[in-house]
Amino acid sequence: MGRDQQIGIYDVEKSVGSIPGTEIRSLFNSRRLLTVVLFAAFLPVVITSSFFYYTTPDASTAAMLFFHKPKGGKNVPSFISATSSSNTGVEPSNGDTEITTDTNQEESSRNSPEPEATDEDVERTIETSVDVENSTSLGVNDSKPHEETTLEENTSSIVMKRQEYCDLVKGSWVPDPRPPQYTNSSCRYIQGHQNCMKNGRPDTGFMYWKWQPQQCDLPRIDAQAFLIAMRNRSMTFAGDSIARNQFQSLLCILSQVEVPDHTYNAPDDRDNIYVFRTYDFTVAIYWSPYLVHVEDKDITWPDNKTQSVAHIHVDKLDRAWTDRISGVDILQISTGQWWFKRGLFLKGNKPMGGHICDGWKECEKEIGFADPYRLAIHSLLKNSLSIPGYTGTTILRSFAPDHFEGGAWDSGGRCVRTTPGGVSISSLTNWMYEIQTEEFQNVTGAMSESEKQRIKLLDITNLAQIRADGHPDVYMKFQPFSKEMKQPPQKDCLHWCLPGPIDTWNDLLVESLHDKIHNY
């Protein structure tokens, strides 16, 4: 539900008639006794009604609006623990369709009044390369009818009924005429290599899609209501540059309500903490690309050249984030592409083997990265709940795919698509995703019920796979084709433009927090 929309709990209409004074006196004189009796009988009812009307708490606060879904039923499991996949090998839509945007027409409860127009409610016409008729081909398109939300009123609250079950992972990307919740000019937290619009990307259609689950709706974050719901709480992201990408997306959305205080900034800019003072809500990001303990050590090659290589302890969590999450309410962790690099893996401080040994004498056994990655994911999921001082909820965000076509990042690969679809999931992406989901099943399957409530999987891999159009490509640099550029532009098909599809990851994250923020 939009920030400016409200649910009218009480819709009281009052009308007053006008009667000439002479007629009143005539009627009063002829029926004085009857009028006095009726007035005396009706007066207590008026007083009682007025008392309840003005003293009954209004349950439609911003926090309640945040947890109200326009279409849905009872408790919705927002994270899916089983492996679910969308059709990621679809072809993109073709054709040019002109979509007229009216931001006043956001979906609301069928019992809600029409929202009042604000300065932000403007009409705009956007030309995008979208074939609306074929849009259902983007992902799973066998949508089922929605169940309408019903509001049961009493004198103190609204009882919200939600769907018995909704799989947020199964769905499709559909055209969305609404503009993004922020722009590159309204958000100061977009890094240069993700600021696609400022850097000159010519198309804007990639910003006008939304993820539509089959059996329910995925609402956008209501920034103010979310901040209210998270009052006196904290959220931490730990991971690599894609974790930072998602962190900055959330920061952009929330900063439209309040500009947070930047309370900590590491010298290398990789660790950052922000506080929304009005709500006492803290959100932080800590750099930890492997999430487990890593020592960078120099190795010597046969030609006597040295190189710094990661020595990765798969069974020890990285203190760069574990030492800083005491009291944190929500912790999202993620790790992926860094495991593809050369490394030596250790367990119990003893070498297991390495990845890309290539004659490196300390690396006696080539074992690849898959088994070490599996051990690390297992250790992360199992041990994160017992970190001293941490009693919050751990969320593992699944693997984020890249979309290089025609080569790799350093061999001519690009991502030039302007609409969703068209790129099949790679075997490497599928491999990493399967390791994560299998270990999530293995670890949580052996947990107690109370422990299971504290650990979740945010499954974004398959829905992100469809969005090959959401990367900076050459627009990771400012005006990459200008005459001042001496070298061919570098391409980025791993990180995501802001605003862009990665904003949906935060919609999914926030939707998952119902049971952690607000108890029905």
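## Cavities inside the model

Let's start with a sorting rule: Ala, Val, Leu, Ile, Met, Phe, Trp, Tyr, Cys and Pro count as nonpolar, Asp, Glu, Lys and Arg as charged, and the others, Gly among them, as polar. Sorted this way, the residues lining the largest cavity divide into ten nonpolar, three polar and seven charged. Keep in mind as you read that this is a predicted model.

How many cavities of 30 Å³ or more does a search of the whole structure find? There are six, and the largest has a volume of about 260 Å³. Its lining is made up of 20 residues, and those nearest the centre are Trp209, Arg220, Asp503, Thr504 and Asp507. Two elements, β6 (209–213) and α11 (502–511), give two or more residues to this lining.

## Two helices to look at

Find helix α5 (residues 241–254) first. With 14 residues at 1.5 Å each, α5 should span 20 Å, and this agrees with its end C-alpha atoms, which are 20 Å apart. Is α5 enclosed or open? Here 14 of the 14 residues are buried, so α5 is largely enclosed by the rest of the structure. At the start of this helix, a side-chain oxygen of Asp240 comes to within 3.1 Å of the backbone nitrogen of Ile242.

Now move on to α7 (residues 370–383). This helix has 14 residues, and its expected span of 20 Å agrees with the 20 Å between its end C-alpha atoms. The buried residues in α7 include Ala370, Tyr373, Ala376, Ile377 and Leu380. It helps to remember that an α-helix has 3.6 residues a turn, so residues three or four places apart point the same way.

## Arg201, a buried charged residue

Arg201 sits in the loop between β5 (171–175) and β6. Is Arg201 buried or exposed? Its relative accessible area is 8%; because buried means under 20%, Arg201 counts as buried.

What does the side chain of Arg201 reach at 2.8 Å? The partner is the backbone oxygen of Asp469. Other residues in contact with Arg201 include Phe206, Arg417, His471 and Tyr475. Val474 is 273 residues away from Arg201 along the chain, yet their C-alpha atoms are separated by 8.6 Å.

## Ser255, just after a helix

Ser255 belongs to the loop between α5 and β8 (261–265). This serine is buried too, with a relative accessible area of 11%. A polar atom of the Ser255 side chain lies 3.0 Å from the backbone oxygen of Cys252. Leaving aside neighbours within four places in sequence, Ser255 is in contact with Cys187, Tyr189, Pro260 and Phe276.

Methods:
Residues numbered from 1 in each chain as written. Predicted model: local features only at pLDDT ≥ 70, side-chain atom pairs only at ≥ 80, totals over all residues. Heavy atoms only, no water. 1 Å grid on protein atoms, 1.4 Å probe; cavity = no way out; pocket = protein on both sides within 12 Å on 5 of 7 lines; lining within 4 Å. Points joined across faces, edges and corners; volume = space filled by probe spheres on them. Helix = DSSP H or I, 4+ residues; strand = E, 2+ residues; numbered from the N terminus. Expected span 1.5 Å × (residues − 1). Buried < 20%, exposed > 50% of the residue type's maximum accessible area, 1.4 Å probe, protein only. Polar contact = N/O pair within 3.5 Å; in protein donor to acceptor, adjacent residues only side chain to side chain. Contact = heavy atoms within 4.5 Å.
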